[in-house]
Amino acid sequence: MNNAGSEDRLQDQQPSRQTFLDDVVTGLSASQKWLSPMYFYDEAGSKLFDRICELPEYYLTRTELQIMGEHLPEMADAIGPRALLIEPGSGSSLKTRRLLAALHDPAAYVPVEISREHLMNAVSSLRSEFPGIEILPVCADFTSDFDIPEPASGEVKRRLIYFPGSTIGNFPIDEAAELLATMRKKIDAGGGLLIGVDLRKDAVVLEKAYNDHEGVTGRFNLNLLHRINQELGADFDLERFRHRAVWNDENSRIEMHLVSDGEQSVTIGGQDFHFVDDEYILTEYSHKFTFSGFEKLAREGGWTVRQVWTDNREYFSVQYLEP
Ligand code: AVJ
């Protein structure tokens with residue numbers, strides 16, 4: 001039953017248009033208007049994100065790849081043989097390729113990704129790059145309740161959740177703790193979590209990383225409104241919203257906003273939403289952690305930090321956690 005390359009093994013739980021509409025209406029009805037960063041990642045948004053990862057200002061991906069490159073054998077040893085590798089928000093699976101190549105006899109790889117098109121593209125290239133590894137894709141919002149597929153053959157010794165990129169930083173702290181606790185429940189005693197955690201640093205470095213000079217991050221942010229126009233028939237005027245990213249020191253996070261240029265109204269699904277001049281939609285948090293701050297968060301989620309790898313500037317870290 002080895003039909004690698006076919007799409008029949010896809011577990012498809014992509015959020016519906018109705019869920020998207022409900023989430024947008026809920027967010028824009030709040031006194032502080034907000035939209036979930038999960039909706040950045042349609043096909044165009046996923047491609048823009050891949051471009052962000054290569055920007056000179058965006059140190060995160062480069063630094064994480066460097067840390068992985070230097071410590072992969074230790075990571076593979078910590079994880080051990082026959083691991084089922086599960087990756088929430090797998091995108092292009094860029095960093096995973098290195099991990100898959102270094103792991104000791106992995107049982108299978110389960111990429112979990114909200115953009116179906118982006119997921120299937122990544123899966124077809126992974127299948128040709130790793131013909132010996134079973135790839136079991138799941139199209140879903142990774143915070144929703146999805147089933148973890150079982151490989152068709154071979155023993156699974158442990159489940160390993162791989163959560164790179166500091167995606168954990170996107171969540172408000174209480175939700176991040178809840179998400180870590182949910183992940184903990186999906187893993188048994190022998191399993192683990194390998195997670196990328198961005199660290200607190202100079203505010204200038206941080207603000208530059210989210211305000212690149214080419215304006216790619218701005219296009220990524222504004223693509224969310226374009227997507228709402230396309231998929232939900234809304235009438236956002238993209239010329240009248242601008243990208244802004246600011247460091248919030250008290251809460252240790254970058255915040256991305258879409259700021260209204262003047263007073264205006266937008267219609268979505270028959271409802272009107274009013275914006276006063278300079279009013280903004282909050283589109284993303286990106287929390288930056290201290291080592292002790294992340295350790296506390298991990299503990300709240302039921303995890304113990306076993307190993308921490310970092311770069312010489314301590315810009316980013318990759319951490320191995322066990323229940
Ligand atoms: C994918 C969530 C880690 O927060 O840095 C990049 C997304 N937003 N530039 C981040 C993002 C703006 C990114 N994460």
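A residue counts as buried if 20 or more other C-beta atoms lie within 10 Å of its own, as exposed if 12 or fewer do, and as partly exposed in between, with the C-beta atoms placed from the backbone. Keep that in mind for the tour.

What you have open is a predicted model, where local features need pLDDT of at least 70, side-chain atom pairs count only at pLDDT 80 or more, and totals for chains, interfaces and linings use all residues. Residues are numbered from 1 along each chain as its sequence is written.

**Stop 1: the whole chain**

Show the C-alpha trace first. Along its principal axes it spans about 60 × 45 × 35 Å. The radius of gyration (taken over C-alpha atoms) is compared with a globule rule of 2.2 Å times the number of residues to the power 0.38. For 323 residues, a compact globule would come out near 20 Å, and the protein chain agrees because its value is 20 Å.

Switch to cartoon and you should find 9 helices and 13 strands. These are DSSP runs (helices are H or I, at least four residues; strands are E, at least two), numbered from the N terminus. Of the 323 residues, 39% count as buried.

Two residues are in contact if their C-beta atoms, placed from the backbone, lie within 7 Å. Among contacts between residues at least 6 apart in sequence, 73% join residues at least 24 apart.

Now select 22–322. In the unreviewed UniProt entry, this span carries the annotation "domain: Histidine-specific methyltransferase SAM-dependent". UniProt positions are given in the numbering used here, feature names are shortened, and annotations may be inferred rather than shown by experiment. The span is 36% helix and 25% strand, and its end C-alpha atoms lie 36 Å apart.

**Stop 2: H1 and H8**

Select 17–29 and 216–232. Those are helices H1 and H8, which pack at an angle of about 130 degrees with their axes 11 Å apart. The contact uses Arg17, Phe20, Leu21 and Val24 on the H1 side, and Ile228, Glu231 and Leu232 on the H8 side. Axes here are lines fitted to C-alpha atoms, for helices over the stretch in contact, and angles run from 0 to 180 degrees between N-to-C directions. Angles under 35 degrees count as roughly parallel, over 145 as roughly antiparallel, 65 to 115 as roughly perpendicular and the rest as oblique. H1 and H8 are therefore oblique to each other.

For handedness, a crossing is left-handed if the near helix is turned anticlockwise from the far one by less than a right angle, and right-handed if clockwise. H1 passes H8 in a left-handed crossing.

**Stop 3: H3 and H4**

Next, pick 94–102, which is helix H4; its axis and that of H3 come within 9 Å and cross at roughly 20 degrees. That makes H3 roughly parallel to H4. Show side chains for the contact: H3 brings Glu64, Leu65, Met68, Gly69, Leu72, Pro73 and Ala76, while H4 brings Lys95, Arg98, Leu99 and Ala102. This crossing is right-handed.

Follow the chain out of H3 (59–79) and, in the loop before strand E2 (83–88), you reach Arg82. What is phi of Arg82 near? It is near 55 degrees, a positive value in a residue other than glycine. Arg82 is partly exposed, because it has 17 C-beta neighbours inside 10 Å.

**Stop 4: Gly89**

Click Gly89, in the loop between E2 and H4. Is Gly89 buried or exposed? With 20 C-beta neighbours inside 10 Å, Gly89 counts as buried. Leaving aside residues up to four places away in sequence, Gly89 touches Val112, Glu113, Phe142 and Thr167. Try a distance to Met38 as well: Gly89 and Met38 are 51 residues apart in sequence and 9.2 Å apart in space, C-alpha to C-alpha.

**Stop 5: H6 and H9**

Select 173–185 and 291–300 for H6 and H9, whose axes come within 8 Å and cross at roughly 55 degrees. The two helices, H6 and H9, are therefore oblique to each other, and their crossing is right-handed. Ile173, Ala176, Ala177 and Leu180 in H6 meet Leu297, Ala298 and Glu300 in H9.

**Stop 6: Leu206 and Glu314**

Leu206 lies in helix H7 (203–209). Leu206 counts as buried, with 24 C-beta neighbours inside 10 Å. Beyond residues up to four places away in sequence, Leu206 touches Lys201, Trp247, Ile254 and Lys288.

Finish at Glu314, in the loop between strands E12 (304–310) and E13 (316–322). Phi of Glu314 is near 55 degrees, a positive value in a residue other than glycine. Glu314 is partly exposed, with 13 other C-beta atoms within 10 Å.
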